[in-house]
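Biologist: I'd like to go through this structure with you and ask how each label is earned. Can you put it up for us?

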Amino acid sequence: MDDLDLRLLDGFQRDLPLEPRPFAAMATRLGTGEAEVIARLVRLRDEGIVSRIGATCRPNTAGASTLAALRVPAPRVDEIAALVGAEPGVNHSYLREGDWNLWFVATAPDTAALAESLVRIEAATGLAVLSLPLVRAFNIDLGFPLIGPRRAMALDRPADLDALRPRDKALMQALSSGLALVPRPFVALGQALHRSEAEVISRIRALAEARILTRVGVIVKHRALGWTQNAMVVWRLPEAAVEAAGTALAGVPGVTLCYQRRCVPGLWDWPLFCMIHARSHAEAMEVLAEARALPELQEVPHRILFSTRCFRQRGATIAEVAA
């Protein structure tokens with residue numbers, strides 16, 4: 001990749017221009033042409049560096065989701081990962097260090113469909129699923145800077161669910177799958193949804209302002225860009241201490257996600273999670289050392305679970321898609 005590629009990826013992970021010709025607006029800011037921007041995005045997508053140009057949707061707003069894990073014997077990892085990946089709503093799947101070693105995000109149009117999905121995974125694998133639904137988000141953006149020094153991410157702002165409209169699910173599903181890389185992508189999206197270009201743009205803007213869409217822009221694959229160290233750190237602390245600790249933890253430069261999840265008595269008693277994406281193991285450990293030094297987290301038990309393999313990374317399932 002050259003400098004223009006990097007500026008394109010780093011500068012538009014969020015705030016995709018919501019206007020009829022977004023790629024032309026991007027080109028103006030980058031000092032190039034619309035056709036050049038589209039061609040580069042096509043190439044970067046085809047090379048597996050860009051996942052899509054679209055949006056990330058806030059969990060449990062229009063659809064339902066959970067972070068789940070399985071205890072998989074080493075000889076069965078590939079077999080079980082394939083079975084989990086065959087479930088349509090699984091959009092992320094990683095092998096991590098630890099006894100619960102196969103982690104995945106399961107998504108569905110609603111809570112009933114999500115529960116059915118987890119039951120199917122248990123039946124297919126013969127293994128019990130540990131389901132850890134989101135309780136509170138401190139930062140769920142993941143659009144961290146790709147170049148330059150590490151920077152603290154902004155604290156999450158709660159979603160305004162009153163902004164949702166009945167037809168938004170189909171729009172969010174389309175954005176989760178990705179826009180067409182054409183000069184007027186909102187026309188193409190509107191035609192697929194039987195809506196006007198202006199209405200599509202207006203609804204995307206409203207959903208983004210309501211924090212139901214957490215990010216609209218270029219969704220990159222970090223591993224392909226050299227961010228090969230993906231560490232999930234979990235912390236054990238009492239419920240009353242989670243909010244202060246999570247707020248402080250989310251402000252540490254290099255912490256790329258931070259949230260509270262439900263505990264499962266007897267199986268999982270680590271309510272606070274954070275993600276660290278880094279270019280080396282040493283860099284990840286530097287971020288962790290800064291986190292551990294926070295007054296809210298000093299002497300707090302924690303575990304760091306590096307991912308060792310990535311099996312799946314794609315957009316969420318929010319609405320049923322007609323065959």
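Biologist: Let's start with sulfur. Why is there no bond from the sulfur of Cys57 to the closest cysteine sulfur?

Modeller: Keep in mind that this is a predicted model. A disulfide needs two cysteine sulfur atoms within 2.5 Å. The closest cysteine sulfur to that of Cys57 belongs to Cys310 and is 19 Å away, so the gap is too far for a bond.

Biologist: And what about Cys274, how far away is its nearest cysteine sulfur?

Modeller: That one belongs to Cys258, at 5.9 Å, and Cys274 is in no disulfide. The search of the whole structure comes back with 0 disulfides.

Biologist: What makes Cys57 and Cys274 count as buried?

Modeller: The cut-off for buried is under 20% relative accessible area. Cys57 has 19%, so it is buried. Cys274 has 1%, so it gets the label too.

Biologist: How do you know whether Thr214 is buried or exposed?

Modeller: Its relative accessibility is 7%, and the limit is under 20%, so Thr214 is buried. You'll find Thr214 in strand E7, residues 213–220.

Biologist: What makes the link between the side chains of Thr214 and Thr56 a polar contact?

Modeller: The distance is 2.7 Å, and a polar contact needs a pair of N or O atoms within 3.5 Å. Setting aside residues up to four places away in sequence, Thr214 also touches others, including Cys57, Arg58, Ile140 and Asp141.

Biologist: On to Leu41. Why is Leu41 called buried?

Modeller: Leu41 has 0% relative accessibility, and buried means under 20%, so the label follows. Leu41 is part of helix H3, residues 34–46. Apart from neighbours within four places in sequence, Leu41 is in contact with Leu8, Phe23, Met26, Ile53, Leu181 and Val218.

Biologist: Which loop holds Leu146, and why does Leu146 count as buried?

Modeller: Leu146 sits in the loop between strand E6 (134–139) and helix H6 (168–177). With 9% relative accessibility against a limit of 20%, Leu146 counts as buried. Once neighbours within four places in sequence are left aside, its contacts include Leu9, Asp10, His222 and Trp227.

Biologist: What is odd about the phi of Asp15?

Modeller: Most residues other than glycine have a negative phi. Asp15 is not a glycine, yet its phi is positive, about 60 degrees. Asp15 lies in the loop between helix H1 (3–11) and helix H2 (22–30).

Biologist: What about Arg211, what is its phi near?

Modeller: Arg211 has a phi near 65 degrees, positive again in a residue other than glycine. Its place is the loop between helix H8 (197–209) and E7.

Biologist: Why do Asp15 and Arg211 get the labels they get for accessibility?

Modeller: Exposed means over 50%, and Asp15 has 58%, so Asp15 is exposed. Arg211 has 13%, which is under 20%, so Arg211 is buried.

Biologist: Last topic, the holes. How many cavities of 30 Å³ or more does the search find?

Modeller: It finds 2 in the whole structure. The second largest cavity holds about 90 Å³ of space.

Biologist: Which residues line the second largest cavity, and how do they divide?

Modeller: Among them are Phe144, Pro145, Arg150, Trp227, Thr256 and His277. The lining divides into 6 nonpolar, 4 polar and 2 charged residues.

Key:
Residues numbered from 1 in each chain as written. Predicted model: local features only at pLDDT ≥ 70, side-chain atom pairs only at ≥ 80, totals over all residues. Heavy atoms only, no water. Helix = DSSP H or I, 4+ residues; strand = E, 2+ residues; numbered from the N terminus. Buried < 20%, exposed > 50% of the residue type's maximum accessible area, 1.4 Å probe, protein only. Polar contact = N/O pair within 3.5 Å; in protein donor to acceptor, adjacent residues only side chain to side chain. Contact = heavy atoms within 4.5 Å. 1 Å grid on protein atoms, 1.4 Å probe; cavity = no way out; pocket = protein on both sides within 12 Å on 5 of 7 lines; lining within 4 Å. Points joined across faces, edges and corners; volume = space filled by probe spheres on them. Nonpolar A, V, L, I, M, F, W, Y, C, P; charged D, E, K, R; others polar.
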